[in-house]
Protein chains: 2
Amino acid sequence: MHRLDRETLQGFSEAVLIKGGLAPQDAKIGAEVLLQSDAAGIASHGLSRLTLYMERIDLGLVNLRPDIRILSESPTTMVIDCDNGMGIANVPKIQQMGMDRVKNSGIFAVTMRNSTHYGAGSYYALKALERDLFSLLTTNTTPCMAPTGGRDVLIGTNPLTITVPAGKEKPFVLDMATSRVPMGKLQAALREKQPIPDDWALDKNGRPTTDAGEGMLGTLLPIGDYKGYGLAVLVDVLSAVLAGAAYAQDIGRLVNYDRPKPEGIGHFMLFMDISRFRPLDEFKADMDRYIRIMKNSTRTDGIKEIYLAGEIEFNKMEEYRREGIPVTESLGEQLLQLGRRLGLASDKDDFPGMAAKAAKAVAAGSV
Amino acid sequence: MHRLDRETLQGFSEAVLIKGGLAPQDAKIGAEVLLQSDAAGIASHGLSRLTLYMERIDLGLVNLRPDIRILSESPTTMVIDCDNGMGIANVPKIQQMGMDRVKNSGIFAVTMRNSTHYGAGSYYALKALERDLFSLLTTNTTPCMAPTGGRDVLIGTNPLTITVPAGKEKPFVLDMATSRVPMGKLQAALREKQPIPDDWALDKNGRPTTDAGEGMLGTLLPIGDYKGYGLAVLVDVLSAVLAGAAYAQDIGRLVNYDRPKPEGIGHFMLFMDISRFRPLDEFKADMDRYIRIMKNSTRTDGIKEIYLAGEIEFNKMEEYRREGIPVTESLGEQLLQLGRRLGLASDKDDFPGMAAKAAKAVAAGSV
């Protein structure tokens, strides 16, 4: 296990994305989105995705110089065409536009179409919290679930990210997929030859399975059966139908594609200025009280602490700030290969050495 | 099983609420909220609650002539103090106010405090759909869940109701509690001496139980474990913390109270004018397409039809419009006793006879 500081990994990721053809300022933002995932312990959505993003750039599946256009706007709404740009580079800028506008209107919503994977919600959550906003962010994703009663792969893990600021306590950040588990958990079980619980996935005939491989050929199950199916459809409605984006079989798959094509997915963002409802300080104090009631309540045997959503990730951020961000040997090796292909490393460099060199080069503007 | 037409049951319910002391126009609205539940097959939230509502009126727990005040408003927001009025009578009026305002602003949100149980979401969903609105409605409720890892009863079933209009297809109405099942399912299992699945509830020590009685002394489980816990907290945040309403142990319990007190709960409503994002016709056509893709997809063996959220309730409404609304013998008997106590029935009346008489009296303004 390597441990690197965030700045070095940020610089390395920027270097990779610049090599991929992104403008330096876009590479910077994209790398920040990825690194925020790693920094919060969500390794599945950070550096580990760099190789995939680069593969999609190489295949010409994303527009490196998108013409992002406001198709229509009103004092409370904005409709954006993302022109197939990289979600991780563009969606943060669009979020800023939306957050600037909510000051005047109190509530503001943005839809985005023709977009691509925007990373995990963690980055966007922190940005909304910097402004003390209530925010809701949704995106549709590559299908892996079926409607309840069906077996066709039509609905994504369709995550939603919600932020609520607090005062002295940590803010509430609910960042969750509407599937019970991500596909990665099935991949891990398959690798380790472990059975999976029978409520994670259905096989390709729509039957519950404890075989991870069968599940991967079938569909993931939503949380709470038909309720999670309903929530996943809601995310499709906001992110795709309302936004005029692709859904179901029209989505260009992010992974496991037969014929690669642009994703065409969409996103939805809603911001609310809390002070329109209650003085912000009063709200935050009440939020603190709510959080403390939960945290100080009686624990079940064996439970050391009760958490609110997002708290574990905030704790991870503190831990990794002190100790460095962990990068597994195998991920380090994968990134080293990527770096070599891109001319960021010589044959003698190891992963930390390459990362440090790339970060320096980015800082010097010489990538 | 009795089968009565909706108008008769509406009239009977109005008569009961008028006898309880509600103004006739409030009784009318309250009865409409209840009957919409029965009409959609959600028997748990309709007529069967009349006795409970009347008990709470008798105990002086609700204000029959509330002074509902707008505490603050802006072009996109409104904060309401419900003055402890009956939710089923007042929240529909507040919903109309919010829906009137969204025409100008495109998005509009309302918080309500000092309120009481507003019935099921079905009524409000239909009202929002009459205006082709996207709507989100949340309410906090009497606690019956614990935070994940805990065993104190602090969080309600905290339902959310979401509406999305469609064109030729039925609209999407997601009306769901964030708990896996309602308490009523445990009561039914206890009555029938049946074990419950071990993911429905925890016993009072926070351990999974298959004993319905133990579960009723403990806590219900949320959908998707910590994810549903997060969603339930979100509903608390919107309905109570943002609204300045009671939460957790401060709530006056709706049922099973030691010392009765007003509920003090809150609600949150958000409306969006779809045409700010896409022409409404275009949206509806795309929504129809989405719905058809789901419905026409391959079914699992043994499944006759794939449904979207709300569809089963719309089908029930059609069925009951033709066949009448079912009222079980035991509910009929309970309502007959209530009617007798209120002077709506003689000793000779049966339930249908009493209901018809009461409906006539209401129509004649002679209750």
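**Strand β6 of chain B**

I began with strand β6 of chain B, residues 160-164, in this predicted model. Five of its five residues are buried, so I noted the strand as largely enclosed by the rest of the structure. I then checked which way the side chains point: B:Leu160, B:Ile162 and B:Val164 go one way from β6(B), while B:Thr161 and B:Thr163 go the other way, and all are buried. I reminded myself that side chains in a regular strand alternate between the two faces of the sheet.

Next I looked up the strands with which β6(B) pairs. Strand β5 of chain B, residues 134-139, runs antiparallel to β6(B) and is joined to it by four bridges, and I found B:Leu136 standing opposite B:Ile162. Strand β7 of chain B, residues 172-176, also pairs with β6(B) in the antiparallel sense, here over five bridges, and in β7(B) the bridge partner of B:Leu160 is B:Met176.

**A:Val237, and a link back to β6(B)**

I turned to A:Val237, which I located in helix α8 of chain A. Is A:Val237 buried or exposed? It is buried, with a relative accessible area of 1%, and since under 20% is the cut-off for buried, I could place it there because its value lies below that limit. Leaving out residues up to four places away in sequence, I listed A:Leu242, B:Val164, B:Phe283 and B:Met287 as the residues that A:Val237 touches. B:Val164 I had already met as one of the buried residues of β6(B). I also noted that the C-alpha atoms of A:Val237 and A:Leu336, which are 99 residues apart along the chain, are separated by 40 Å.

**The contact between chains A and B**

I then looked at the contact as a whole, which takes 76 residues from chain A and 76 residues from chain B. The area buried between the two chains is about 6,300 Å², and carbon and sulfur atoms give 65% of it. On the chain A side, the residues that lose the most area to chain B are A:Lys227, A:Phe277 and A:Tyr290, which together make up 12% of what that side buries.

For the polar part I recorded four salt bridges between chain A and chain B, including the one in which the side chains of A:Arg180 and B:Asp225 meet at 3.4 Å, N to O. I also recorded 32 residue pairs in polar contact between the chains, both residues being at pLDDT 80 or more. Among the elements that give two or more residues to the side of chain A that touches chain B, I noted β6, β7, α8 and α9 of chain A, and α8(A) gives the most, with ten residues.

**A:Glu263**

I went on to A:Glu263, in the loop between α8 and β10 of chain A. How far away is the nearest side chain of opposite charge? That side chain is A:Arg56, at 4.1 Å, and A:Glu263 is buried yet has no salt bridge. I did find its side chain reaching the backbone nitrogen of A:His117 at 3.0 Å. Leaving aside neighbours within four places in sequence, its contacts include A:Arg56, A:Ser115, A:Thr116 and A:Asp250.

**B:Ala120**

Last, I looked up B:Ala120, in the loop between β4 and α5 of chain B. B:Ala120 is buried, with a relative accessible area of 6%, and, not counting residues up to four places away in sequence, it touches B:Ser37 and B:His45. I closed the entry with B:Leu308, 188 residues apart from B:Ala120 along the chain, their C-alpha atoms being separated by 19 Å.

Notes: Residues numbered from 1 in each chain as written. Chains lettered and ligands numbered in written order. Predicted model: local features only at pLDDT ≥ 70, side-chain atom pairs only at ≥ 80, totals over all residues. Heavy atoms only, no water. Buried < 20%, exposed > 50% of the residue type's maximum accessible area, 1.4 Å probe, protein only. Pairing = 2+ DSSP bridges. Lys, Arg positive; Asp, Glu negative; His and termini not counted. Polar contact = N/O pair within 3.5 Å; in protein donor to acceptor, adjacent residues only side chain to side chain. Contact = heavy atoms within 4.5 Å. Buried area = accessible area lost by both parts, 1.4 Å probe.
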